[in-house]
Amino acid sequence: MATYNIHNLTITQTRPDTNTRWYDRETNDEWLNAWKAFNYYDVETTIDQGLLEGQVPYTMMIAHAKISEVFPEMISIDKLTKTRKYFEISEDVYNEFIALLNDDTSGLSAERRFNEAHEITYELVTETVVRDSEPTTP
């Protein structure tokens, strides 16, 4: 039996005071566009069940996500701390995600770079879950 790692990731940001913005419009747009490009992909799917009489099967593109995200962001009562959680990230996707967060030329690092420039602390906390996988029979 083989084992594999699944990651749960928590990103926590804490700003020094409520006068400090979490991000500016340009940073947020860059991050959102990079997040969509990284996380979402389309799969061509054939729809052949649940059709009405006389309908023929058809194909369409259905969006899928690499990382499950939990929204909305959780903001503390004092409005100084913001937390996002991402669950069930496979090892290869997690490694790619972290690499992009740490790459200063990546759109996914825009938020981190803004935080560093504005004294907002940015903390990544990873919980690694080891799972066993059953061998598949051909």
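Which residues form one aromatic cluster?

1. Trp31, Trp35, Phe38, Tyr86 and Phe97 form that cluster, and the structure holds 6 aromatic pairs (rings of Phe, Tyr and Trp, the last by its six-membered ring, with centres within 6.5 Å; planes under 30 degrees apart count as stacked, over 60 as edge-to-face and the rest as tilted). This is a predicted model, in which local features need pLDDT of at least 70 and side-chain atom pairs count only at pLDDT 80 or more, while totals for chains, interfaces and linings use all residues. Residues are numbered from 1 along each chain as its sequence is written, and side-chain values use heavy atoms, with hydrogens and water left out.

2. Trp35 and Phe97 make an edge-to-face pair, because their ring centres are 5.6 Å apart and their planes stand at 65 degrees. The pair links distant parts of the chain, since Trp35 is in helix 1 (residues 25–39) and Phe97, 62 residues apart from it, is in helix 2 (residues 91–102); helices (H or I, at least four residues) and strands (E, at least two) are DSSP runs, numbered from the N terminus.

3. Trp35 has 4% relative accessibility and therefore counts as buried (under 20% relative accessible area; exposed is over 50%, partly exposed in between, with a 1.4 Å probe and protein chains only). Phe97 is likewise buried, with a relative accessible area of 1%.

4. Tyr86 and Phe97 are also edge-to-face, because their ring centres lie 5.8 Å apart with planes at 65 degrees. Tyr86 belongs to strand 5 (residues 81–90) and Phe97 to helix 2, so this pair ties together parts that are 11 residues apart in sequence. Tyr86, like Phe97, is buried.
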